[in-house]
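Hello,

Here is the structure for you to look through. Please open it first, then read my notes below.

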Amino acid sequence: MRTYNEKISIYHGMVSTIAVNLAGNFFPIFAISILGATNYQVGLISSLPPLVALLTTIPAAIVLNRLEQQKRTVAVSVFWARIMFLLLIGVTFVASNYQAWAFLIIVALMNVPGTISNIGWQTLISGMISEERRGSFFSDRNRLLTIVGMVTTLIIGIVMKKQTDNALAYQCLFFIAFVFGLFEVFFLLKHKEKAEPKKNKEQNSFMDWSIFKDNGYKWFLVSALCFNFTWQLVWGLFNIYNVKYAHATILWISIFSVANQLVQIFSFPLWKKWAEQKSNTLMLVWVAVGMATAPILNVLSTNLYYLTFVAMTSGFFVSGTMLLLFNLLLEQSPKEKRTYCITTYNVLLSFVAFIAPQIGIWLLETTGMQKSMEISTVLRLISAFVFLLMYIKFMKNQKHALLKS
């Protein structure tokens, strides 16, 4: 039986998913087809937001750490982030030479309030969902949100199948995304949050460096950041390959996304079950191995039906990534220092997310699409090995603890 906050969180997630799918999913094809963005600019769509997040995370965490209640701050941040969708509507009215850059600046600025809302939401929801409920709740929530995202994306693809080069169609999407952003704010404010008085030390502390003395958290940071680097390395390349090499339209981009999400819906419960039986860490080894197959499989053909199949296989492992990484973060973060742990992870993740796509574009320009994808596959396999080392280390620690007892 779901609690009130769990239900509201699911409603909030649904409208948030719709808002993001209506706008964010089509940023690359909008930039390429309408604004004439270069490969470098397409790469910046992936790397500029985390750069802004990197600069914003620590100030945001300081503010959030001083608040007894975070709900209203998160809601206001979401509102300002969604306001940016309205600014995107006006990009096509800028001089053509500057349209792509104006678009990138708005996308970057969107992530200032977006970073605040992201950190605030993670801390807010971790305090509302009990540890024994996390695996089940986030599995169910992710599955429901994936269904909503899949249906939304499919509808957009069908409606806009002949509108790939129509700027007005994208402007309509951005406006509807803003409307759903308002619903996000509404449902965020409906959460019931208990005020937690902050100790003076916590209020005035910039950082609690003792989190790095926790071996579990240190191992998580190293493993998760290695994995995210290899994962995000070719995000821009996938977009470029699908649009410029395979000549995918909005309909096909939507089909890829729907195929990916359809598999996620059915695989979330499987990853939850396996993680409960084995552990989040061991399952992430297999997730990383599976994710390693995506780049090399993607460049084997430009056939759109084949690429749909690749998107389906990728979806199976993406669902594991979404569920297990966040669960492992909460699992390895000491409860009394969780805000600092989440903040530190987000800062480092933002740095990785900024650097990785830029290196991916550099690889594309220097080695070509095929070689870049092959390199990505090898690096993703290495990240799987790092998770394996983490798992082995944890197993040894458990054996030592049992022997001592």
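**What I found**

N242 counts as buried, because its relative accessibility is 12% and the cut-off for buried is under 20%. Keep in mind that this is a predicted model. N242 belongs to helix α10, which covers residues 235–245. Which residues does N242 touch, once its neighbours within four places in sequence are left aside? They are H247, A248, I253, F256, N298 and L307.

**The chain as a whole**

Now step back. The chain has 15 helices and zero strands. Its C-alpha atoms fill a box of roughly 65 × 45 × 40 Å along the principal axes. A compact globule of 405 residues would have a radius of gyration near 22 Å, and the chain has 21 Å, so the two agree.

Burial comes next. Of the 405 residues, 56% count as buried. The chain exposes about 18300 Å². Carbon and sulfur atoms supply 66% of that area.

Look at the contacts too. Take those in the chain with a separation of 6 or more. Residues 24 or more positions apart account for 89% of them.

**The nonpolar cores**

The largest nonpolar core has 62 residues. Which of them touch the most other members? The answer is F27, L88 and F103. Helix α5, residues 99–128, gives the most to this core, with seven residues.

F27 deserves a closer look. Leave aside its neighbours within four places in sequence. F27 is then in contact with I45, F85, L88, F103, V107, M110 and F174. So both L88 and F103 appear among the contacts of F27, by the rule that contact means heavy atoms within 4.5 Å.

There is also a second, separate core, made of 49 residues. Among its members are V78, M291, L324 and L330.

**Aromatic rings**

How many aromatic pairs are there? The count comes to 22. Start with F30 and F174. Their ring centres are 5.3 Å apart and their planes stand at 90°, so this pair is edge-to-face. F30 lies in helix α2 (residues 27–33) and F174 lies in helix α7 (residues 167–189), so the pair ties together parts that are 144 residues apart in sequence. Are these two residues buried or exposed? F30 is buried, with a relative accessible area of 0%. F174 is buried as well, at 1%.

Compare that with W271 and W274. They also form an edge-to-face pair, at 5.2 Å centre to centre and 90° between the planes. Both lie in helix α11, residues 250–277. They are three residues apart, about one turn of the helix. W271 counts as buried, because its relative accessibility is 2%. W274 counts as partly exposed, because its relative accessibility is 29%.

Some rings group together. F27, F30, F103, Y170 and F174 form one aromatic cluster. You have met F27 and F103 already, in the largest nonpolar core.

One last item involves a charge. The charged end of K192 sits over the ring of Y4. The distance to the ring centre is 4.6 Å.

**Where to start**

Try F27 first. Find F27 in the core, then follow its contact with F174. From F174, move to its edge-to-face partner, F30.

Best wishes

Conventions: Residues are numbered from 1 along each chain as its sequence is written. This is a predicted model: local features need pLDDT of at least 70, side-chain atom pairs count only at pLDDT 80 or more; totals for chains, interfaces and linings use all residues. Side-chain values use heavy atoms; hydrogens and water are left out. Helices (H or I, at least four residues) and strands (E, at least two) are DSSP runs, numbered from the N terminus. Buried means under 20% relative accessible area, exposed over 50%, partly exposed in between (1.4 Å probe, protein chains only). Rings of Phe, Tyr and Trp (its six-membered ring) pair if their centres lie within 6.5 Å; planes under 30 degrees apart count as stacked, over 60 as edge-to-face and the rest as tilted. A charge sits over a ring if NZ of Lys or CZ of Arg is within 6 Å of the ring centre and within 35 degrees of the ring normal. A nonpolar core is a set of buried Ala, Val, Leu, Ile, Met, Phe, Trp, Tyr and Cys residues joined through side-chain atoms within 4.5 Å. The radius of gyration is taken over C-alpha atoms; the globule rule is 2.2 Å times the number of residues to the power 0.38. Accessible areas come from the Shrake-Rupley method with a 1.4 Å probe; for residues, only the protein chains shown count as cover.
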